[in-house]
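Here's a quick briefing to read alongside the structure. Have the viewer open and follow along topic by topic.

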Amino acid sequence: MANLTMVEAIRDALKVEMENNESVILLGEDIGKNGGVFRATDGLIDMFGEERVVDTPLAESGIVGASVGLAINHMRPVAEIQFLGFIYETMDQICAQAARVRFRSAGRFSAPLVIRSPFGGGVRTPELHADSLEALFAHTPGLKVVMPSNPYDAKGLLISAIRDENPVLFLEPMKLYRASREEVPSEAYTVPLHKANIIQSGDEITIVAYGPTVPIATSVANEYLQKGISIEVIDLRTIYPIDFETIIASVEKTGRLIIVHEAVKTGGVGGEIAAHISQHAFFSLRSPITRVTGYDTPYPVASVEDDWLPNVVRLREAIEESLNC
Amino acid sequence: MQILDEINAPYHQIIKSTGEVDDQQLNDLNLSSELLLEMYEWMLKARLLDERLLKMQRQGRIGTFAPYSGQEASQIGSAFALKKSDWMFPSYRDIGSCLVHGMPIEQLVLYLKGFLQGGSPPEDVKVLPVQIIIGGQIPQAAGCAWASKIRKEQDVTISYFGDGATSQGDFHEGLNFASVLQLPVVFFCQNNQWAISVPIEKQMATKTIAQKAIAYDMKNIRVDGNDVLAVYKATLEAVEHARNGGGPTLIEAVTYRIGPHTTADDPKKYREQTEVTQWVDEKEPLIRYKKFLQNQGLLTEESEQQLRQKLELEISTEIEKAEKIVAEPLATSFDHVYDQPHANLLEQKIEVEKRTAEGR
């Protein structure tokens, strides 16, 4: 066991999987000597050499395109896209190529690669560094989308992602990289993909959150617990495929649902969850499903981002509205 | 600009368009009569298949199809330089290369019929499904070659694409990766002069495609793409260079697309028929190679006729086989999205199976 931050846990996952499987290689911009802009790969080049921790040319489509070829030819590439906003450069290689290798070849070939990328608001980044783009990939059959909210899950989910037989986007909320420490086992372990985590059990309302909004949800839930109102908080962990079973079971118990994500509202994951729950748990609902999300603008400039992001105030309002309905 | 002049000099050629051969180069190649004839057989098979597929498309038996007539020397000559264990990343127009590398005709027909099983070659055939997105396969080929290099395997990867692809970012990113990492990959560009309706002079300001390799300090060869022996020689040189750890090569095979881009366009709208006639009259790859074989005493009109009949029969048999196969139902598609379908996908699959069973 070691007391690790999320970014340290991610580095630890990469390290143990590289020890376990020599097909695992890391590639990306500045991940070698520099150890990644957030130090997620710090020191790994010294442990595994520059053949397995590769500083690539500055070319996102090249990075993912090469990863597709590596994966087809039986390697396990873990690519880093320096910030999620840069991933537009390689949308074809992710959505039209990696996602469809298995499908187009009727299972003859596959591209089990992992793309890690930091994202998320509240850290005063320049433009196109903070955007939450998970819905773009959740809308692409063939991909899995995973997002941890704490160090323990980060290590276990990343190991699962590397071992998975499908392409996985592993999205890392940069605000949580060093937000907390917790005990993380030193050895390899997995946290299953496709399985949401009930962080806090409750009876009166369900909040579904993932990644950077999980701490907001838990903090508000704790406030309400003091007032005698118990809120169930579900950390989705895997954004796609969504674990609807867990959400349905929760809503059947609580009758109320709020979804909180940083991504813009329209076409977001929250809408998909709302539609699914309306269909499958309609008669359990005691109030309309609501979403607390980023607004439908491009991610704003740093001076106003706090007003744009979902926060405890907006979540409280949504809870009051739901409870008073 | 001396280097440029060298690259952009008239391309490498072994057989002139008259069928006359450069004896020195022919001797150096040291090819048996059987192999020389075998190349013709594949070129003819590819041509006859192309003609047949075009007819089938007109009859509604296959979907949209990208004819490759005129490019047989490039496709057959290059694929002949590969070992069975080498990887191939083709584009949609590279059917000739796919055939030589082991893709059954039946399989190709299934693909063109829009059957799910069409993208899945036999286990020992290392040919990826044909690429639709222009240039998308180029960085992938680099990655595939990278895996071979990491494991110290001897496999080489070849990536096929056209002149239009050299304008794409993926072309430049793929070549740069291959060059920086010194990967065992051959980038084989068939410059067939037209990207749908856009001619090469609107595609690029450079004199040749081969010269683009200079920017990556990469070995390059500019070859007459309608001369099957010259293409074979150039590709063999590139493949051996890669296999021996020399890194990547960019080959520009200068050729011509005699037919339309696909069965969905009419080239009369954008190019002069005189241009087509001129290419066919002066440089057609099969006519030229046939003259050469006749001059060598390896082929007669009679033996060619027999070969033609044999190939027509083989093609018919394969097409008949393909046409007897029943399309996999939609439900099967759900099995290939992930290694295991997730809960929602399974639910949808069951719905589809039910609809199929009930005929609605």
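A:Ser61, A:Gly62, A:Gly65 and A:Ala66 in H3(A) meet a set of residues in H8(B): B:Gly169, B:Asp170, B:Glu173, B:Gly174, B:Asn176 and B:Phe177. Sorted by type, the residues of this contact come to 2 nonpolar, 6 polar and 2 charged. Keep in mind that this is a predicted model.

**Where the two chains touch**
- Helix H3 of chain A covers residues 60-72, and its axis sits 9 Å from that of H8(B), with a packing angle of about 70°.
- That angle falls within 65 to 115 degrees, so H3(A) and H8(B) count as roughly perpendicular to each other.
- As for handedness, H3(A) passes H8(B) in a right-handed crossing.
- Taking the whole contact between the chains, 34 residues come from chain B and 33 from chain A.
- On the chain B side, helices H7 (137-150), H8 (169-180) and H15 (343-358) each put in at least two residues.
- H7(B) has the largest share of that side, with 10 residues.
- The side of chain B that touches chain A splits into 18 nonpolar, 13 polar and 3 charged residues.

**A helix pair inside chain A**
- Helix H9 (residues 244-254) and helix H10 (residues 269-280) of chain A have axes that come within 10 Å and cross at roughly 55°.
- That makes H9(A) and H10(A) oblique to each other, because their angle fits none of the parallel, antiparallel or perpendicular classes.
- Here too the crossing is right-handed, as H9(A) passes H10(A).
- From H9(A), the residues involved are A:Phe244, A:Ile247, A:Ile248 and A:Val251; they meet A:Ile273, A:His276, A:Ile277 and A:His280 in H10(A).
- This contact divides into 6 nonpolar and 2 polar residues, with no charged ones.

**Chain B as a whole**
- Chain B has 15 helices and 7 strands.
- Its C-alpha trace spans about 70 × 50 × 40 Å along the principal axes.
- The radius of gyration of chain B is 21 Å, which agrees with the value near 21 Å for a compact globule of 360 residues.
- Of the 360 residues in chain B, 46% are buried.
- Looking at contacts in chain B between residues at least 6 apart in sequence, 78% link residues at least 24 apart.

**A mostly covered helix in chain B**
- Helix H6 of chain B (residues 105-112) has 7 of its 8 residues buried.
- The buried ones in H6(B) are B:Ile105, B:Gln107, B:Leu108, B:Val109, B:Leu110, B:Tyr111 and B:Leu112.
- What do the buried residues of H6(B) pack against? Their partners are helices H3 (33-58), H5 (95-100) and H13 (301-324) of chain B.
- After H6(B) comes B:Gly114, with a positive phi near 75°.

**A loop residue with distant partners in sequence**
- B:Thr208 sits in the loop between helix H9 (200-203) and strand E6 (219-224) of chain B.
- Is B:Thr208 buried or partly exposed? It has 19 C-beta neighbours inside 10 Å, and being buried takes 20 or more, so B:Thr208 counts as partly exposed.
- Although B:Thr208 and B:Ile7 are 201 residues apart along the chain, their C-alpha atoms are separated by 8.2 Å.
- Setting aside neighbours within four places in sequence, B:Thr208 is in contact with B:Ile7, B:Asn8, B:Arg222 and B:Glu252.

Conventions:
Residues are numbered from 1 along each chain as its sequence is written. Chains are lettered from A and ligands numbered from 1 in the order in which they are written. This is a predicted model: local features need pLDDT of at least 70, side-chain atom pairs count only at pLDDT 80 or more; totals for chains, interfaces and linings use all residues. Axes are lines fitted to C-alpha atoms, for helices over the stretch in contact, and angles run from 0 to 180 degrees between N-to-C directions. Helices (H or I, at least four residues) and strands (E, at least two) are DSSP runs, numbered from the N terminus. Angles under 35 degrees count as roughly parallel, over 145 as roughly antiparallel, 65 to 115 as roughly perpendicular and the rest as oblique. A crossing is left-handed if the near helix is turned anticlockwise from the far one by less than a right angle, and right-handed if clockwise. Two residues are in contact if their C-beta atoms, placed from the backbone, lie within 7 Å. Ala, Val, Leu, Ile, Met, Phe, Trp, Tyr, Cys and Pro count as nonpolar, Asp, Glu, Lys and Arg as charged, and the others, Gly among them, as polar. The radius of gyration is taken over C-alpha atoms; the globule rule is 2.2 Å times the number of residues to the power 0.38. A residue is buried if 20 or more other C-beta atoms lie within 10 Å of its own, exposed if 12 or fewer, and partly exposed in between; C-beta atoms are placed from the backbone.
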